[in-house]
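Visitor: I would like to go through this structure and ask how each label is earned. Please show it first.

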Amino acid sequence: MSHTVAIIEARMASSRLPEKIMLPLGRTTVMDLIVERLRKSENINEICIATTINDEDQILVDHFSEKNVRVFRGSELNVLDRVLNAAIEGKAQILVEITGDCPFVDPQLVDYMIELLRNNDLEYIANNFETSFADGFDVQVYYFDALERMANMDLTDLEKEHVTMKIRQNPNLFRTLNLVAPSQLKRPNYSVTLDTPEDYEVIQLVYQEMQKSFGPNFGVFEITKFLDSHPEIASINSKVHRKGYT
């Protein structure tokens, strides 16, 4: 079976919500929760945090080395180079790419996407070519060979910043698939990603309810149902403008 490594892109710098990835959630932190949830995956062999060489990111090295989580440090702006070398160091054959602003990443959804990649003639699968799941459940799964082939192409600075941009924009060069949410989960207007203070408020409220009702065993189904029944919570961050490449 292919050696599968989950790589979490994370750094402490954040203009709208400083140090957001280490904000507390109950008795844990945002980053610790991501790691904890990815550890529930049946198909992931290793978890690696890919951060920068900036001084402020030393806290991630110190914190997660005590928890036996590998931390790779590389370029802040050339995220492709950072992820590629983190994958090389971990001898990854399949990569699961997650960002540090998605505390509710669903391990069952991750496992389903890994199996889709393994069992079909694909090189890359994602669930956010077009937004269908609530923002914050974004997952990308792809073969290391595809990433390495892309990295050897003539890339712009923007394509180096957004790791898989070249793959996503060239379906004639790479065998790709976009996983669309089923109708009961199709909520592109919801967001449980962490960019702003409003997002943090939503995430705290959702996490409190999930812990009370389900303990650690919750995912996209439970969160979507909760937000459906609490539109006043879903609306808290509904006006937030999302930055970055989609």
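Visitor: Why is Arg175 called partly exposed?

Guide: This is a predicted model, and the accessibility is computed from it. Arg175 has 39% relative accessibility. Buried needs under 20% and exposed needs over 50%. The value lies in between, so Arg175 counts as partly exposed.

Visitor: What makes Glu123 and Arg175 a salt bridge?

Guide: The closest N and O atoms are 3.8 Å apart. The cut-off is within 4 Å, so the pair qualifies.

Visitor: Which parts does that pair tie together?

Guide: Glu123 lies in the loop between H4 and S7. Arg175 lies in the loop between helix H7 (165-168) and strand S9 (176-178). The two parts are 52 residues apart in sequence, so the salt bridge ties together separate stretches of chain.

Visitor: How do you know that Glu123 also forms a salt bridge with Arg149?

Guide: Their side chains meet at 2.4 Å, N to O. That is within 4 Å, so the label holds. This pair also links distant parts of the chain: Arg149 sits in helix H5 (residues 144-151), and the two residues are 26 apart.

Visitor: Are Glu123 and Arg149 buried or partly exposed?

Guide: Glu123 has 11% relative accessibility. The limit for buried is under 20%, so Glu123 is buried. Arg149 has a relative accessible area of 35% and is partly exposed.

Visitor: What makes Glu46 and Arg70 a salt bridge?

Guide: Their closest N and O atoms are 2.7 Å apart. The rule asks for within 4 Å, so the pair counts. Glu46 belongs to strand S4 (residues 46-52) and Arg70 to strand S5 (residues 70-74), so parts 24 residues apart in sequence are tied together.

Visitor: Why is Arg70 called buried?

Guide: The relative accessible area of Arg70 is 17%. Buried means under 20%, so the charged residue qualifies.

Visitor: How many salt bridges does this rule give?

Guide: The count comes to 16. One network links Arg16, Lys20, Asp101, Asp135, Asp195, Asp199 and Arg242.

Visitor: Which residues have the most contacts inside the largest nonpolar core?

Guide: Leu38 and Phe104 do. That core has 59 residues. Beyond its sequence neighbours within four places, Phe104 is in contact with Leu33, Arg37, Phe137, Val192, Ile203, Val206, Tyr207, Phe218 and Ile223. A second, separate core has 24 residues, including Phe72, Leu84, Tyr142 and Met150. In soluble globular proteins, nonpolar side chains tend to be buried together.

Visitor: How do you know that strands S6 and S8 pair?

Guide: DSSP must find at least two bridges between two strands. Strand S6 (residues 94-99) and strand S8 (residues 140-143) have four, so they pair, in the antiparallel sense. Ile94 stands opposite Tyr143 in S8.

Visitor: What makes S7 and S8 a pair?

Guide: They share three bridges. At least two are needed, so S7 and S8 pair, again in the antiparallel sense. Val141 in S8 is the bridge partner of Ile125.

Visitor: How do you know that Cys48 is in no disulfide?

Guide: The nearest cysteine sulfur is that of Cys102, 17 Å away. A disulfide needs sulfur atoms within 2.5 Å, so Cys48 is in none. Cys102 is likewise in no disulfide, with the sulfur of Cys48 as its nearest. A search of the whole structure finds zero disulfides.

Visitor: Are Cys48 and Cys102 buried or exposed?

Guide: Cys48 has a relative accessible area of 0%. For Cys102 the value is 2%. The limit is under 20%, so Cys48 is buried, and so is Cys102.

Visitor: Why is Asp55 called exposed?

Guide: Asp55 has 72% relative accessibility. Exposed means over 50%, so the label fits. Asp55 lies in the loop between S4 and helix H2 (58-65). Its C-alpha is 9.7 Å from that of Met12, and the two residues are 43 apart in sequence.

Visitor: Why is Ser14 called buried?

Guide: Ser14 has 18% relative accessibility. That is under 20%, so Ser14 counts as buried. Ser14 sits in the loop between strand S1 (4-9) and strand S2 (24-25).

Visitor: What does Ser14 touch, not counting residues up to four places away in sequence?

Guide: Glu19 and Lys20. In addition, a polar atom of the Ser14 side chain lies 3.2 Å from the backbone oxygen of Leu17.

How values were computed: Residues numbered from 1 in each chain as written. Predicted model: local features only at pLDDT ≥ 70, side-chain atom pairs only at ≥ 80, totals over all residues. Heavy atoms only, no water. Buried < 20%, exposed > 50% of the residue type's maximum accessible area, 1.4 Å probe, protein only. Core = buried A, V, L, I, M, F, W, Y, C linked by side-chain atoms within 4.5 Å. Contact = heavy atoms within 4.5 Å. Polar contact = N/O pair within 3.5 Å; in protein donor to acceptor, adjacent residues only side chain to side chain.
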